[in-house]
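Got a few minutes to walk through a model together? Have a look at it first, then we'll go through it in questions and answers.

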Amino acid sequence: MKNWLDKLKQIKGGLWIALLAACAAALLLFPGMDRPASAAMTEEEQRVSATLSRIAGAGEVRVSIYYAQEASAFGSSAKTPVGAVIVARGAGDIAVRLNLIRAAETLLGLSAREVDVFQMEDAP
């Protein structure tokens, strides 16, 4: 794991990538110890996960969305998506992976570089 993180740090901006990947892994692995994973997801994450799971070959999908807090002139704040991590059973297939990225771009208004897709680990 340390070697992997060291390699990411060598890439320009790799520290941010490593930090984002570590946070995403923590959120996906520990969504809520006493609750099912679906209960830990926000409504938007559940909605996006359900939509992405309908993509041919995607299978089971989990999504974590990251937001930036933006203050408005009227004192309220809005959350704007700045990144997403998608974990899907079918993400090992490059066509499925690309379709997941395209759909997430459309659903969340993100660019392809703000969406990371990983293959879901098989259950024992």
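Q: Is Arg-62 buried, partly exposed or exposed?
A: Buried means under 20% relative accessible area and exposed over 50%, with partly exposed in between (1.4 Å probe, protein chains only). The relative accessible area of Arg-62 is 25%, so Arg-62 comes out as partly exposed.

Q: What kind of model is this, and how are things counted in it?
A: Residues are numbered from 1 along each chain as its sequence is written, and side-chain values use heavy atoms, with hydrogens and water left out. Local features need pLDDT of at least 70 and side-chain atom pairs count only at pLDDT 80 or more, while totals for chains, interfaces and linings use all residues, since the model is predicted.

Q: What is the mean pLDDT of the protein?
A: pLDDT is the predictor's confidence in each residue, from 0 to 100. Here 67% of the residues reach 70 or more, and the mean is 80.

Q: Over which residues does pLDDT stay under 50?
A: Where pLDDT is low, the predicted coordinates should not be read in detail. For the stretch in question the model has six contacts (heavy atoms within 4.5 Å) beyond four places in sequence. That stretch is residues 29–38.

Q: Which residue meets Arg-62 in a salt bridge?
A: A salt bridge here is a side-chain nitrogen of Lys or Arg within 4 Å of a carboxyl oxygen of Asp or Glu. The N to O distance in this pair is 3.4 Å, and the partner is Glu-60.

Q: Why does the pair Glu-60 and Arg-89 tie together parts that are apart in sequence?
A: The two side chains meet in a salt bridge at 3.3 Å, N to O. Glu-60 sits in the loop between helix 4 and strand 1, and Arg-89 in the loop between strand 2 and helix 5, so the parts they tie together are 29 residues apart in sequence. (Helices, H or I with at least four residues, and strands, E with at least two, are DSSP runs numbered from the N terminus.)

Q: Which residues are joined into one network by salt bridges that share partners?
A: Glu-60 has a salt bridge with Arg-62 and another with Arg-89. That makes the network Glu-60, Arg-62 and Arg-89.

Q: Where does Ser-49 lie, and is it buried or exposed?
A: Ser-49 belongs to helix 4, residues 43–53. Leaving aside neighbours within four places in sequence, Ser-49 is in contact with Met-41, Val-61, Arg-62 and Val-63. Its relative accessible area is 5%, so Ser-49 is buried.

Q: Which element gives the most residues to the largest nonpolar core?
A: A nonpolar core is a set of buried Ala, Val, Leu, Ile, Met, Phe, Trp, Tyr and Cys residues joined through side-chain atoms within 4.5 Å. The largest has 20 residues, and Leu-52 and Ile-86 are among those touching the most other members. Helix 4, strand 1, strand 2, helix 5 and strand 3 each supply at least two residues. The top contributor, with six residues, is helix 5.

Q: What is the bridge partner of Ile-86 in strand 3?
A: Strands pair if DSSP finds at least two bridges between them, and five bridges join strand 2 to strand 3, which run parallel. The partner of Ile-86 is Val-117.
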